[in-house]
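Subject: Structure handover

Hi,

Here is the structure I said I would pass on. Have a look at it first, and then read on for what turned up.

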Amino acid sequence: MSTQLEFFASCPLGINDLLAKELESFGATDLKESAAGVSFKGTLETAYRACLWSRVASRVHLHLATFPVITEDDLYKGVKAVAWEDHLFPDRTFAIQTSGKTTTVTHTHYASLKAKDAVVDRFRELTGERPSVQVRQPDARIHIHLARDKGTVSLDLSGESLNKRGYRLDMGEAPLKENLAAAILLRAGWPAIAAEDGPFVDPMCGSGTLLVEAALMAGDVAPGIFRTVWGFTGWKKHESGMWTNLQVEARYRMKEGGGRFPVMVGYDAERSAIRKALANLDRAGFAGKVHVERRSVDSLVPPPAARGREGLVAVNPPYGERLGEVQELKGLYGTLGRELRARFPGWRAVVFTGNPELGKEMGIRAVKTNNLYNGDLKCRLLHFDIQPDRFVEPGRGPVPGHDAKGEALMFANRLRKNIRTVGKWAEREGITCYRLYDADIPEFNVAVDMYEGEVHLQEYEAPDGIDPDRAAARLAAARDAVGDVLGVSPDRVHLKVRRRQRGVSQYGKMGQEGKFIQVREGGLSFQVNLTDYIDTGLFLDHRITRAMIQKMASGVDFLNLFCYTGSATVYAAAGGAAATTSVDLSSTYLDWARHNMKLNGFTGSGHRFVRGDVLKWIAQEKGRYGLIFLDPPSYSRSKGMEGDFDIQRDHGILVRQAARLLSAGGILIFSTNRRKFDLDTDTLKELDVEEITDRTIPRDFKKRRQLIHRCFEIRTQNTERGTQKKG
C-alpha cells in the first residue's frame, strides 16, 4: 500500500521533538508537532515501522475522519458515516476509547457509548451482523478525540501502549516507563557514545529499564520485536506480508548489531532489584551481555572491562517523599557526586530527578537540563560533564536556569500580561473578585486573587528538598512584584502558605486578626476574611455555579450541604427560592452564612441553619428539596464527626443519600475540588448523572495546570431534563 495516509503518534510530554526525528527517519512527511505528539503523513509501511521501531512513541493512530460535534447527535452521525465495514470484521471484537471534550459532549464514557452504538447500528443496517464490544484485548481499537467542537476518529494501530515492549514483567517500586527511559538516553546522546564503543553504567539500576533500553539502542534492536499483539492485526486492511518483511529485517539487524556490543554494567544495593534486572535482561535477549551486580553507590566504580575508556553514567535516583526522606536523599546525591568526581573523570552523566534541587548536593555544575514528565510529574534531566572545572562545593552548586533577578522580572511580566487579559475581561464583566495568576510560571508557585483592591497571595507549599532560602527569596520577590505591578500598598497584600494537610477540617484557621471586608459578586454582598483562614469565605471558582443555582432556584426549596459561609444559599435566595436550608458542622461558618444572608436582606423562618454532621443529618432527614448543592471537603476529620470523610472513598453513598432528598423533578449539583477525582459510576448507576464541569469553570480558572473543580448535575432517572417542578 503506497497510498499516503494521515497518522498521529502520541508520546509523553516534552519529547515530541525526539519522536518527530524518529518518524522522519521512517519516511514520514508533513510532520506537525504538538504537546501530545506528532501528526504526519506516510505509507502504511511508515506506520508499521513506527510501531516496530519507535523508542519514544506511546501509540500510532490511523486517521479515519474528522467532523463537527456541536450536539450529541453530531457525534453519533459522524462516527456512523465512517465506512466501518471496510475496517472491521463483523465476527470480531472492538473497543472504543474517547479523550477530550467539546462544548456539549463532556463525558468521555458517554461519548464512547454513543460511538459504539453508531458502529454497531451501521453494521446491522448494512449486513444484519455486528461486531462485539470487548474492552480487554479487542481485535481492533477505535480512538475518538474531541476538541474545539470537532471529533476525530482514528484506528489505534498499536493495540497496547508501545512502551510495553514485552520484556519487563518484574518491576521495581517506582518503575520508569520504557519510552521515557529511551528518551532520557536519547537526550544524553547514548547512541553516539555506544557507536564509539563507549561504556555505560547505571549505579541504581532497579529493575533494569535504563539498562535494557540502552542495550536495545546499542544492539540496533527494534523495541517492538518482542511484542506479539498489535492493534492492526485485527484490521481488515492489514498487510501481513509487509509486516512479516519488516520483522525479518528487524531480526537481521538485531543479529548484526549483537556483534558490536559495548561494555554495560548495572549496580544496585538491593538483591531483589538485581534479580528483577537479570530476569528482564534475559527476556530481552541480553543475558551475558550486560553485567549486573549488587553494589551500593558509595562503592561505585567504572567497569574494569572498560579499560579506561570514557562513557555515560545514567541514573534515576529516588527524589520524592514516597521513596525516601529528603535528608537521606541529600546524602545519597552527595555520595553519588563524590564517587563520580573521584572515579569517573572525563565521563558524561545524566541524572533524572523530580527534585532538581537535590542535584546541587552532587558538587558538579550541570551543563544543561531538559524538562521531562514522569506521568503528570514534571521532572528534570540534569546533564553533567565530569571535569574538574565543573566541580563546586556540594550543596552550593547551582543548577542552570536559576537567576533570581531574571525570575522576578519574569513573574512581574506575567502579572502585567494577565492584567491585560484576565484583568480587562473582569473589568468588562463587572467582576471584582477573580484569580489573576495561578502558578503560571513553575518558579513562582503562587496564586494571586483580587478582592476589590485587596490582594490574596497564596504560596503553594514547596516540596521537601527545595532550598528554604531560595523559596523564601522567591516568595519575597513575588510579594514585592505584586505590590509594584498592581500598585497596592503592602498592608493590602495578604500572604498565606497553603500547606498540604490531612487529618484536619477543610477550612483550617491560620490567624486571629479578625479582619473582614465586604465584597460584591453578581449584585450580592459577601463577607470575606483574607487573613485568618486557608480559604477566604468565597470560592471564586464557583462563581458560575452560584449563578446557575440562582437561575434554578425560583420557587423551590433549596438545600446547601457543607454550606461553608452560605454563598450558594445567598444566590438561591436571590433567585426566589421558596425556602433554604444550610447544613454545616461548624458553628463559626453557620454564623458567617447567617451574616451573609442578612447582608442581602434574607432573614426569617424560611431560611434554616442546621449545625450537624452532614452524613448523619441527610440519613435522618425526611424533607424533600427541589434543588440541592453538595460541595463536600476533599477530606475532613473534625471533632464533631464519627470517623473521617474522604471524598473519593465516600462520595458514592453521600451522593445517593443526598439524591434521596430530591423532590419530583429536583436537581442535585455535586462538586468537588479533589485532584484526579474518579466518579463512582457503579454506585451511582441508578441516577442520571451529567458532568457539567466545562460549563462551570470561569475564564480566570481555565487553561490552568489542572481543573480547579469537577461538577455534576444529577437527577433521579425518572426525571426528564428541563421539567423541574416548582414548589
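How many helices and strands are there in the chain? There are 18 helices and 30 strands, where helices (H or I, at least four residues) and strands (E, at least two) are DSSP runs numbered from the N terminus.

Before the details, some housekeeping. This is a predicted model, and local features need pLDDT of at least 70, side-chain atom pairs count only at pLDDT 80 or more, while totals for chains, interfaces and linings use all residues. Residues are numbered from 1 along each chain as its sequence is written, and side-chain values use heavy atoms, with hydrogens and water left out.

**Overall**

Of the 727 residues in the chain, 53% are buried. Buried means under 20% relative accessible area, exposed over 50%, and partly exposed in between (1.4 Å probe, protein chains only). Taking the contacts in the chain with a separation of 6 or more, 74% are between residues 24 or more positions apart; contact here means heavy atoms within 4.5 Å.

**Cores**

In soluble globular proteins, nonpolar side chains tend to be buried together. I use "nonpolar core" for a set of buried Ala, Val, Leu, Ile, Met, Phe, Trp, Tyr and Cys residues joined through side-chain atoms within 4.5 Å. The largest one here has 123 residues, and Val 79, Ile 142, Leu 157, Trp 190, Phe 286 and Leu 340 are those with the most contacts inside it. Helix H7 (residues 209-218) gives the most to this core, with 8 residues.

Phe 286 is a good one to click on. Leaving aside neighbours within four places in sequence, its contacts are Val 212, Ala 215, Leu 216, Val 221, Phe 261 and Leu 281.

There is also a second, separate core of 27 residues, and Val 610, Tyr 625, Ile 647 and Leu 668 are among them.

**Cavities**

You will probably want the grid settings. On a 1 Å grid over the protein atoms alone, a cavity is a set of points where a 1.4 Å probe fits but cannot get out, and lining residues have an atom within 4 Å of a point. Grid points are joined across faces, edges and corners, and a volume is the space filled by probe spheres set on the points.

With those settings, the structure holds 2 cavities of 30 Å³ or more. The largest has about 120 Å³ of space. It is lined by 14 residues, and the closest to its centre are Phe 539, Cys 563, Ser 567, Phe 629 and Asp 631. By type, that lining splits into 7 nonpolar, 5 polar and 2 charged. For this count, Ala, Val, Leu, Ile, Met, Phe, Trp, Tyr, Cys and Pro are nonpolar, Asp, Glu, Lys and Arg are charged, and the others, Gly among them, are polar.

The second largest cavity comes to about 30 Å³. Around it sit Leu 88, Phe 89, Arg 92, Thr 93, Phe 94, Pro 131, Ala 140 and Gly 234, a lining of 5 nonpolar, 2 polar and 1 charged.

**Individual residues**

- Ser 663 is in strand S28 (residues 662-672). It counts as buried because its relative accessible area is 18%. Not counting neighbours within four places in sequence, Ser 663 is in contact with Arg 624, Tyr 625 and Gly 626. A polar atom of the Ser 663 side chain lies 3.4 Å from the backbone nitrogen of Gly 626.
- Leu 44 is in helix H2 (residues 44-53) and is buried, at 0% relative accessible area. Leu 44 and Thr 3 are 41 residues apart in sequence and 7.7 Å apart in space, C-alpha to C-alpha.
- Pro 394 is in the loop between strand S15 (377-385) and helix H11 (404-429), and it is partly exposed at 42% relative accessibility. Beyond residues up to four places away in sequence, Pro 394 touches Arg 341, Lys 360, Glu 361 and Gly 363. From Pro 394 to Glu 361 the C-alpha to C-alpha distance is 4.7 Å, with their positions 33 residues apart in sequence.
- Pro 304 lies in the loop between strand S11 (291-294) and strand S12 (312-315). It counts as exposed, with 76% relative accessibility.

**Backbone angles**

Asp 30, in strand S2 (residues 29-34), has a phi near 50 degrees, a positive value in a residue other than glycine. Lys 676 also has a positive phi, near 55 degrees. Lys 676 lies in the loop between S28 and strand S29 (687-691) and is exposed at 69% relative accessibility.

Cheers

Key:
Polar contact = N/O pair within 3.5 Å; in protein donor to acceptor, adjacent residues only side chain to side chain. 1 Å grid on protein atoms, 1.4 Å probe; cavity = no way out; pocket = protein on both sides within 12 Å on 5 of 7 lines; lining within 4 Å.
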